[in-house]
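Dear colleague,

I am handing over the structure that we spoke about, and below it you will find what came out of going through it. Please read the text with the model open beside you.

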Amino acid sequence: MAKTHDPGLGEGLRDALAELLASQHLAVLATHRDGQPYCSLVGFAASPDLKGLAFATTRSTRKFENCLADPRVAMMIDSSRNEDSDFHEAIAATAVGEVAEVEKTARSRYLRWYLAKHPHLTDFVMAPSCALLRVRVRKYVIVRRFQEVSELEPR
Amino acid sequence: MKRLAIGLEAVDPELRMLVGGKALALAKLIRLGHLVPRGLCVTTEAYESYVRQTGLHEQIPMELGRKSLHEMRWEEIWDVSLRIRNAFLQRPVPDRLRRMLTLAIGPMLSRGAIAVRSSAPEEDSSARSFAGLHESYVNVTSLADALDRIRLVWSSLWSDAALMYRKELNLSVETSSMAVLIQEVVAGRSSGVAFSQDPGDASRSVVEAVHGLNQGLVDGSVQPDRWTFERRSGQILSHAQPKREVFAAPGRSGVRIKRLPPRKANRRPLSDVEAHRVFRLARDVEDAFGVPQDVEWTWKGRRLVALQARPITTPSEGRPGDRRAWDLSLRRSFENLCGLRRRIEQELLPAMEADARRMANVDLQSLSDDELLAEVEERIALHTKWLDVYWTDFIPFAHGARLFGQFYNDAVRPSDPHEFTALLASVETISAKRNDALEQMAWRVREDGRLYGAVCRAETEDRDPELDEMLDAYLADFAEGPLGALDPVEARAAVCRILQNLASCPSLKSLRRPRDREAMEKQFLSAFQGADRAFAAEMLDLAKASYRLRDDDNVYLGRIVHELNRARSEARPRGLPVPKPRYSADVLRPTAREAAHPSHQAAESPQAGFSVNPRQLIGQPASSGLADGRARTIRKAADLFQFESGEVLVCDAVDPGMAFVLPIAAGVVERRGGMLVHGAIIAREYGVPCVTGVTDAVNRIPSGTRVTVDGYLGIVTVSS
């Protein structure tokens, strides 16, 4: 039986989340402006403690503008493969938190994590017009087994 | 081009994954020159085509993935398996596949009845062989019936037994499949099983034989004659005869157990010469296959026909605490359950009541210290004895309701696989009668405003002596339940609180779900003709008895627990060395022997740097409806009496002693899973939404949390 059907007793939620964040390259970022929600696909990387999610965007984008206007954002990462089996196999995590540009003191660390995952984006991230942002996660809402929902909050 | 059906004579070892182990073994017997019933194999490609076209290939993993199978009790796995089985029954074979199967099977049916047997590629290989994992049907006479049975054999790939042994079987949604063997039925005069090597003694062989078909022998409802042979020489060592009473015979369709005519009852099913021929057959088959074999056979006139052969495997001991074999032994045949019912109703319950009565009549205070200690010892022994009976007789008898469920679903084809429970719910259980008594009292309080005030102050004596007497009777009757754990003043106050709550609600009778059970029963019985209808009525009657006992047995056992605790409480203040009972004597869970078995509790690994909060918990939808309310989480008996109307009952396992809060509960959430557990039964009776099988419910949902109970989908949502 596939592992996802039967995770057993030892496999905890945090481990499942860590595996998901490591295995996925793309996330859907939700921002809003004047009450109008807006979604964007972004390449992301998580900090090893899973409390920060980094992504890069040029400063002229709508999402960047929205983030500046209201830092409250959500980000969804999931393991679906556009197949029927997604309904029982896929896991989805929605991170809720506040976004800001990564501060200077943390930039080299976040760059390292980000580029380790997306080496082909080096030129893009290093361009002066590109910003490296980080979502400080207040809460993860994790859905497994189609409808089982749990929340993980950083302590 | 797909190969959907292959004649047995054309099967060779390369086709194993297409035809499965059973078909492969029979093909080999044909090549060796043994007489085998004519047949063909519906291949695994037909199964795969069916599940793909009907969407079951995704529905099955969704059903299996709702909750970790590790965390499920056997009852829940049985429920999952029933839901999958019903999903197969609900989906007809798509047209093109049906036409192909009709072309293959039609000609065989025109010659006579057929058998439809499982032949899984994973089953019956020499490494693993588990009898009774998958279904087989004998005496199928129509094409429609044949297509039904094929679907049921397919669905048995996901039987409860198969799911429990999923690791050993490498059972996987992605790769597992099922072939089906279609064979002519050879209705022999005697049939049986032969073990070329006795599983208990390698120097011997065994032949077991019965009159008629061997289905009765295989499922344990017919006792066989048994011969043992010296394996090397073939010399008969012994022949044991049972009391021959019944035999299995083809019915209008399927197999029925009938009484043996006296002429046959006095005659053994085989002569020694015939038994020896069977022994030789088993030895020849072993020589051909290279490992000891279990061979099913029948004598048709003077011809010995081999029905199937598979390697003998002795069940492995399993790791300590592996109770799967025990769980599966709870599946009993109709005949076995009828015998069990007689024993329970005529012997066990009266004896248990007599014991409880005798203990209740002992004036403990008047006993000397030595006498009291002896009394405690005796009560511990009785408690142990009756708890053992609970496990060996009462729990297996509960399977009667399940057996009926499957029978009902086959006949009625309801979209809800648990619809049958509505037919059983008319049964008056002890807890339902107690709730009626409560309602009578609540009615008086509702009618009289000043009485309501007296009840609030637990001062009913002066205001309404009759109510006071009713209260006394209720308290006395309820002594074994959670109320018995309180002192008399507290218990009285607790019941007054309940009455107060009840009096501010509509009458309980009106809460009970109105259902036209008579019409439902009629509709069920009308699906059968003649003798089959009488059998269906007997099956329903058995199921009702099983359902009632499932609820009442805890009350009977609770009386024994109460008497044991009464004696221990008397001994403790005297400073006597009170011995401990062998099994837990918890009034909330009088059957707490469960704790003696390893139970799979939720165990999350440490979530470094994070705290975990449940938001949506998944269980089984056990009583439909949607409810919203504050959780009242029960950790000890006293919590029950804090229960306010409109709250959601959250507990480890609903005991019949807790039934009184159900009518005023908005919803029920329990850790113990299953459609036939007490909580589910009582919740359905009162139309209260209920979700069972919520892992670690008591720890994940603290009292006071706002929860939504979705009894349609089996989801509990916890508000933050």
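Two strands count as paired if DSSP finds at least two bridges between them. Please also keep in mind throughout that this is a predicted model.

With that in hand, I begin with the N-terminal part of chain B, where strand 3 (residues 114-119) and strand 5 (residues 179-184) of chain B run antiparallel and are joined by 6 bridges. Within this pair, B:Ser119 stands opposite B:Ala179 in strand 5 of chain B. Both strands belong to an open sheet of 5 strands in chain B, which has the order 1-2-5-3-4 and antiparallel pairing. Strand 1 (5-7) and strand 4 (136-140) of chain B stand at the edges of this sheet with a single partner strand each, so one side of each is left without a neighbour in the sheet. On average, and with direction ignored, neighbouring strands here are turned by 20° against each other. Helix 5 (residues 95-111) of chain B lies across strand 1, strand 2 (39-42), strand 3 and strand 5 of chain B, and its direction makes an angle of about 25° with strand 5 of chain B.

Further along chain B there is an open sheet of 6 strands, in the order 9-8-7-6-12-13 and with antiparallel pairing. Its edge strands are strand 9 (236-240) and strand 13 (303-311) of chain B, each of which pairs on one side only, and the twist from one strand to the next averages 20°. Inside this sheet, strand 7 (residues 204-211) and strand 8 (residues 225-230) of chain B run antiparallel and are joined by 6 bridges, with B:Val207 standing opposite B:Trp227 in strand 8 of chain B. Helix 11 (residues 272-289) of chain B lies across strand 6 (190-195), strand 7, strand 8, strand 9, strand 12 (293-300) and strand 13 of chain B, and runs at about 140° to strand 12 of chain B.

One residue that you may like to look at next is B:Val186, which is found in the loop between strand 5 and strand 6 of chain B. Is B:Val186 buried or exposed? B:Val186 has 21 other C-beta atoms within 10 Å, and because 20 or more are enough for a residue to count as buried, B:Val186 is buried. Leaving aside its neighbours within four places in sequence, B:Val186 is in contact with B:Pro37, B:Thr298, B:Lys300 and B:Val305. The C-alpha atoms of B:Val186 and B:Pro614, which are 428 residues apart along the chain, are separated by 58 Å.

As for the domains, the assignment for chain B gives domain 1 (5-184), domain 2 (190-311), domain 3 (336-427 + 516-592), domain 4 (430-511) and domain 5 (616-718). The centres of domain 3 and domain 5 of chain B, taken over C-alpha atoms, are separated by 23 Å, and the contact takes 13 residues from domain 3 and 11 residues from domain 5 of chain B. On the side of domain 3 of chain B that touches domain 5 of chain B, helix 23 (residues 530-571) of chain B gives the most, with 5 residues. By class, that side of domain 3 of chain B has 6 nonpolar, 4 polar and 3 charged residues.

Near the C-terminal end of the ranges just listed, strand 18 (residues 667-670) of chain B has B:Gly667 and B:Val669 pointing one way and B:Val668 and B:Glu670 the other way, and all are buried. Strand 17 (residues 648-651) of chain B runs parallel to strand 18 of chain B and is joined to it by 4 bridges, while 3 bridges join strand 18 to strand 19 (residues 690-692) of chain B, again in parallel. B:Val668 stands opposite B:Leu649 on the one hand and opposite B:Cys690 in strand 19 of chain B on the other. From strand 18 the chain crosses through helix 25 (residues 678-686) to strand 19 of chain B, and this β-α-β crossover is right-handed.

Finally, two residues deserve a look for their backbone angles. Most residues other than glycine have a negative phi. B:Asp696, however, has a positive phi near 55°; B:Asp696 is found in the loop between strand 19 and helix 26 (697-700) of chain B and is partly exposed, with 16 other C-beta atoms within 10 Å. In chain A, A:Phe146 has a positive phi of about 75°. A:Phe146 is found in the loop between strand 6 (130-144) and strand 7 (148-154) of chain A, and with 15 C-beta neighbours inside 10 Å A:Phe146 counts as partly exposed.

With best wishes

Notes:
Residues are numbered from 1 along each chain as its sequence is written. Chains are lettered from A and ligands numbered from 1 in the order in which they are written. This is a predicted model: local features need pLDDT of at least 70, side-chain atom pairs count only at pLDDT 80 or more; totals for chains, interfaces and linings use all residues. A residue is buried if 20 or more other C-beta atoms lie within 10 Å of its own, exposed if 12 or fewer, and partly exposed in between; C-beta atoms are placed from the backbone. Helices (H or I, at least four residues) and strands (E, at least two) are DSSP runs, numbered from the N terminus. A crossover is right-handed if, with the strands pointing away from the viewer, the path from the first strand over the helix to the second runs clockwise. Axes are lines fitted to C-alpha atoms, for helices over the stretch in contact, and angles run from 0 to 180 degrees between N-to-C directions. Two residues are in contact if their C-beta atoms, placed from the backbone, lie within 7 Å. Domain bounds come from an automatic or database domain assignment. Ala, Val, Leu, Ile, Met, Phe, Trp, Tyr, Cys and Pro count as nonpolar, Asp, Glu, Lys and Arg as charged, and the others, Gly among them, as polar.
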